[in-house]
Amino acid sequence: KIAYFSPSTHETEMRALVASPLSLPTPPPCWIFLPIPASSQQSSNLTPLLKNGLTHARTSTSTSTTVAFIGMDCPILTPSDITTALDTASSSSSSAYCQPVADGGYCLLALNSALPPEVFDDVRWSTSDTAADQIASIERCDGTVVLGAGGVGEWIDIDEYEDVCALWERRPRCSSCPNTMAFLEEHFGER
């Protein structure tokens, strides 16, 4: 398992984040932590970064690997959602799993070992077309995509202040992110 993170000075925090749901003091030794190079973050074009991540993940292991790209800005995403994505992309009937979010992007993408890094070509990043472009690109690479559960609008990621407000409004249904909801309760209160 490989976790890419940013900024590079926050490896300790990333290790704690991975270990926490497992109730461990440190992550299992199967985890590799790699900082995202600062030079990769200078552009809104994620294609080179994701292609490099996919290639590195596959060359870092001796087995054929399904790789998941997880949006850390979607607090309602659970470990069960990630397991479902990995299992689905690893199945014989599909080669990818994508969980779209309300703004047209996606918060979770799992790719099986048959898909090439070119699945990230021609994706318009940070637009309302990102998920649709990603799905089309996977299909151009002869992949099949299973869409995640819930309709468009059910899943949100946190990019703007309005997204925080939307998360706050769904607090009665948001049991998967108690720490985030406690923070919002403390800072939003009853607006």
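Q: How many aromatic pairs does the structure hold?
A: This is a predicted model, so everything here is computed from it. One of its aromatic pairs joins Phe69 and Phe120. Counting up the aromatic pairs in the structure gives 3.

Q: What kind of aromatic pair do Phe69 and Phe120 form?
A: The two ring centres sit 5.3 Å apart, and the angle between the planes is 80°. Planes over 60 degrees apart count as edge-to-face. So with its 80°, the pair of Phe69 and Phe120 lands in that class: edge-to-face.

Q: How many residues apart in sequence are the parts that the Phe69 and Phe120 pair ties together?
A: Phe69 belongs to strand E3. Phe120 sits in the loop between strand E5 (106–111) and H4. The pair therefore links parts whose separation in sequence, in residues, is 51.

Q: Is Phe120 buried or exposed?
A: Its relative accessible area comes out at 0%. Buried means under 20%, and its partner Phe69, at 15%, counts as buried too. With its 0%, Phe120 is therefore buried.

Q: Which residues form one aromatic cluster with Phe69?
A: Phe69 already pairs with Phe120, so Phe120 is one of the names to expect in a group built from such pairs. The cluster takes in other aromatic residues as well. Along with Phe69, its members are Tyr106, Phe120 and Trp125.

Q: How many disulfides does the structure hold?
A: Cys98 is in no disulfide, and the nearest cysteine sulfur, that of Cys107, is 8.1 Å away. Cys107 is in no disulfide either, with the sulfur of Cys74 as its nearest at 3.8 Å. A disulfide needs sulfur atoms within 2.5 Å, and the count for the structure is 0.

Q: What is the relative accessible area of Cys98?
A: Cys107 is buried, at 1%. Cys98 is buried as well, and its relative accessible area is 0%.

Q: Where is Ile70 found, and how much of it is accessible?
A: Ile70 is part of strand E3, which covers residues 67–70. On the surface, Ile70 joins Leu17 and Met72 in a nonpolar patch of about 290 Å² of accessible area together. Patch members need over 30% relative accessible area, and Ile70, which is partly exposed, has 36%.

Q: Which element of the protein chain has the highest mean pLDDT?
A: The protein chain averages a pLDDT of 81, and 85% of the residues score at least 70. Among the elements, strand E1 (residues 2–5) has the lowest mean, 71. The highest mean, 96, belongs to residues 130–140, helix H4.

Methods
Residues are numbered from 1 along each chain as its sequence is written. This is a predicted model: local features need pLDDT of at least 70, side-chain atom pairs count only at pLDDT 80 or more; totals for chains, interfaces and linings use all residues. Side-chain values use heavy atoms; hydrogens and water are left out. pLDDT is the predictor's confidence in each residue, from 0 to 100. Helices (H or I, at least four residues) and strands (E, at least two) are DSSP runs, numbered from the N terminus. Patches are made of residues with over 30% relative accessible area and no salt bridge: like charges are joined within 9 Å, nonpolar side chains (Val, Leu, Ile, Met, Phe, Trp, Tyr) within 5 Å. Accessible areas come from the Shrake-Rupley method with a 1.4 Å probe; for residues, only the protein chains shown count as cover. A salt bridge is a side-chain nitrogen of Lys or Arg within 4 Å of a carboxyl oxygen of Asp or Glu. Buried means under 20% relative accessible area, exposed over 50%, partly exposed in between (1.4 Å probe, protein chains only). Rings of Phe, Tyr and Trp (its six-membered ring) pair if their centres lie within 6.5 Å; planes under 30 degrees apart count as stacked, over 60 as edge-to-face and the rest as tilted.
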